[in-house]
Amino acid sequence: MSGAADWLAPRGSAASLAPSPYAGLDLLSTAVVLIGADARVAFANQSAEQLFEVSRRILNGQLVARLFTDAAAIERLLEAARANDLGQRRQVLELRRPLKEPLPVYATASALYDEATPLVLELNEIGQQLKVTRDEHYLDLSEASRHLLRNLAHEIKNPLGGIRGAAQLLESELPSREQREYTRVIIGEVDRLQSLVDRLLAPHRGPRVVAEFNIHEVTERVRALILAEFPRGLDIVRDYDASVPDVRGDREQLIQALLNIVRNAAQALRDRIAAGDATIVLMTRVARHVTVARRRHRLALELHVIDNGPGIPAELQPHVFYPLVSGREGGSGLGLTLAQTYVQQNDGMIEFDSKPGRTDFRILLPLP
Ligand SMILES: Nc1ncnc2c1ncn2[C@@H]1O[C@H](COP(=O)(O)OP(=O)(O)OP(=O)(O)O)[C@@H](O)[C@H]1O
Ligand SMILES: [Mg+2]
């Protein structure tokens, strides 16, 4: 690491204008901090800026012990690195952030065997790491299942018209009412299948209309529709952050996605609606530095739908986004599959937490 001295040069000198030997580290999604022999930050990459939530102009040159709650732990790592006795160590550390509570991170400390910068720290947010693996799971799942479903739906759809037509012809030939009951059953079931495959194929039909709009137009619309459907015993509380910037996407798709989620919540609240204390909260917030659908975004919208219903049964939770999975009498199990597909088509994703008394579905959408 011969160029480390460039970074230690005073700001504004010719040396600091030279291209950084560490510029490549800015491409990583892991936060990387190089620590100089003087126990100060020699270089912090862009992900580190995001993690600490301060610019690297401020990070560079900081005493590294001041960045973590456990200063002694950092001193020990640095001491071991200077003495060529570190190799690589992993431990949990807590970041100190201005005006915020400390943030626990997984830190991997490695010796660089370089006198000027003996130590490098790689930092991963603990919660974030769990979330990324979960995201990936959802993405892969719906990618594969969408493909399968689309083909299957087409296969089912093609003969349905023929079956219905034949049943109608047969009906007109049949002499007795009892016999015509059978053809009624055929036609009724064909119509049910038809609407199922139509719903399955809907997200892949027709052009998407992408525009910028205020997310609260969407939440207000869905609120009105659900209140019309459930006129008594259900309270839909708005908890909006009015400063949320406009989102960019297909408005109708997002209305449909949110409608499916809020309708599920209202349906799950049946007993509380009867008791008169059913509540759904629609909450909007801006989140910073989040990974949505495998991409890191500086700003994202979080749209929560929180209900005080019984929760999703634990055994159903890993599968709710699968098509045809339903825990509801008469449910077709497509609502969440479609919602996830629509949100993903707008570069976002849906996730949830659920326990008895509180289910929180979140639509995450990157903000421009
Ligand atoms: N807020 C919630 N509270 C409790 N259970 C829920 C909630 N949201 C979803 N579920 C469970 O997840 C299942 C799957 O939901 P999904 O919307 O995909 O299908 P559905 O509602 O059964 O049928 P469809 O929406 O196609 O009419 C539901 O049947 C229900 O058991
Ligand atoms: Mg549903």
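**Exercise 1.** Which residue of E5 is the bridge partner of Tyr106?

*Solution.* Start from the strands, which are DSSP runs of E with at least two residues, as helices are runs of H or I with at least four, both numbered from the N terminus. In this predicted model, local features need pLDDT of at least 70, side-chain atom pairs count only at pLDDT 80 or more, and totals for chains, interfaces and linings use all residues. Residues are numbered from 1 along each chain as its sequence is written, while chains are lettered from A and ligands numbered from 1 in the order in which they are written. Strand E4 covers residues 100–111 and strand E5 residues 119–125; the two run antiparallel and are joined by seven bridges. Within E5, Tyr106 has Asn124 as its bridge partner.

**Exercise 2.** State the strand order of the open sheet, then place helix H5.

*Solution.* Two strands pair if DSSP finds at least two bridges between them. On that basis the five strands, with antiparallel pairing, follow the order E2-E1-E5-E4-E3. Strands E2 (41–44) and E3 (88–97) pair on one side only and are the edges. Helix H5 (71–82) packs on this sheet, touching E1 (31–35), E3, E4 and E5; contact requires C-beta atoms, placed from the backbone, within 7 Å. The directions of H5 and E5 make about 140°, with axes fitted to C-alpha atoms (for helices over the stretch in contact) and angles from 0 to 180 degrees between N-to-C directions.

**Exercise 3.** Which helix gives the largest share of the shell around ligand 1?

*Solution.* Helices H9 (251–268) and H11 (335–345) each supply at least two shell residues. The largest share, four residues, belongs to H9.

Conventions
Contact = placed C-beta atoms within 7 Å.
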